[in-house]
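These are my notes from a first look through a structure. I jotted down what I looked up, residue by residue.

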Amino acid sequence: MYYSKVSHNNKLSDKERYLKGEFDKEKKELSEQYSLNNIVTGTQFELYLVNIFKELGYKTKHNGKSGDQGADLILKKDDYVYAVQAKYYTGKLSNTPVQEIAGALKYYNANQGVVITNSTFTTGAEELAKANNVILIDGKDLKKLVDYIFEGNAKE
């Protein structure tokens, strides 16, 4: 009886909070979900990206393991397939991930290659990506993407 009363009171307080437009709790939970602050490994970064792209409406497959043939994630939206190389890194990213994702395109029958990092790219990586039509998403672009989701525009 006690637990049902507590549950009922919690539902009432949530209803009042929603009616008053007080969404601080939800905003805090969302901001923690889309924060790089708690990430310390490459696998955590890959799973972080899975959540972001699911929120954006992509079907996602996480490959991130040894022998993944150059793609940590496979994203699909409509009939378009993206092979993604994710790199959680402290320095500038060289052209190696671009080479890996370019090689993964045929293996995964992907339409587009993407390299995503929390860091930045070297000039060589940018040049190779341009020559191979590979999309590069650096830390600044990733933050913009997360802000876009956080502002509630993910479905657009």
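Which residues does T117 touch, not counting residues up to four places away in sequence? I looked this up in what is a predicted model, and the list for T117 reads F45, K87, Y89, L93, I137, D138, G139 and L142.

**Entry: T117.** I placed T117 in strand β5. Buried or exposed, I wondered, is T117? T117 has 0% relative accessibility, so I put it down as buried. I also found that its side chain reaches the backbone nitrogen of S119 at 3.1 Å.

**Entry: G139.** T117 turned up again when I went to G139, which sits in helix α6. I noted that G139 touches T117, N118 and S119, leaving out residues up to four places away in sequence. With 17% relative accessibility, G139 is under the 20% cut-off and therefore counts as buried. I then checked G139 against L36: they are 103 residues apart in sequence, and their C-alpha atoms are 10.0 Å apart in space.

**Entry: α3 and α6.** Next I looked at how helix α6 (residues 139-150) sits against helix α3 (residues 42-55). Their axes come within 10 Å and cross at roughly 45 degrees. An angle of 45 degrees falls between the roughly parallel range, under 35, and the roughly perpendicular one, 65 to 115, so I wrote down α3 and α6 as oblique to each other. The crossing of α3 and α6 is left-handed. On the α3 side I listed F45, Y48, L49, I52, F53 and E55, and on the α6 side L142, L145, V146 and I149. Sorting the residues of this contact gave me nine nonpolar, no polar and one charged.

**Entry: Y88.** I found Y88 in the loop between β3 (80-87) and β4 (92-93). How exposed is Y88? Y88 comes out at 30% relative accessibility, so I call it partly exposed. Setting aside residues up to four places away in sequence, Y88 touches L36, I39, V40, T41, G42, F45 and N118. I took a closer look at I39: it is 49 residues from Y88 along the chain, with 8.8 Å between their C-alpha atoms. The side chain of Y88 reaches the backbone oxygen of I39 at 2.8 Å.

**Entry: Q112.** Back in strand β5 (residues 112-117), I stopped at Q112. Q112 is buried, because its relative accessible area is 8%, and that is under 20%. Leaving out neighbours within four places in sequence, I counted Y80, V81, Y82, A83, L105, N133, V134 and I135 among the contacts of Q112.

**Entry: N133 and D78.** N133, one of the contacts of Q112, made me check backbone angles. Most residues other than glycine have a negative phi. N133 is not a glycine, yet I read a positive phi of about 55 degrees for it. I located N133 in the loop between α5 (123-131) and β7 (134-137). Its relative accessible area is 56%, so N133 is exposed.

Where is D78 found? I found D78 in the loop between β2 (73-77) and β3. D78 is not a glycine either, and its phi is positive at about 60 degrees. With a relative accessible area of 71%, D78 goes into my notes as exposed.

Key. Residues are numbered from 1 along each chain as its sequence is written. This is a predicted model: local features need pLDDT of at least 70, side-chain atom pairs count only at pLDDT 80 or more; totals for chains, interfaces and linings use all residues. Side-chain values use heavy atoms; hydrogens and water are left out. Helices (H or I, at least four residues) and strands (E, at least two) are DSSP runs, numbered from the N terminus. Buried means under 20% relative accessible area, exposed over 50%, partly exposed in between (1.4 Å probe, protein chains only). Contact means heavy atoms within 4.5 Å. A polar contact is a pair of N or O atoms within 3.5 Å; within protein, one must be able to donate a hydrogen and the other to accept it, and residues adjacent in sequence count only if both atoms are side-chain atoms. Axes are lines fitted to C-alpha atoms, for helices over the stretch in contact, and angles run from 0 to 180 degrees between N-to-C directions. Angles under 35 degrees count as roughly parallel, over 145 as roughly antiparallel, 65 to 115 as roughly perpendicular and the rest as oblique. A crossing is left-handed if the near helix is turned anticlockwise from the far one by less than a right angle, and right-handed if clockwise. Ala, Val, Leu, Ile, Met, Phe, Trp, Tyr, Cys and Pro count as nonpolar, Asp, Glu, Lys and Arg as charged, and the others, Gly among them, as polar.
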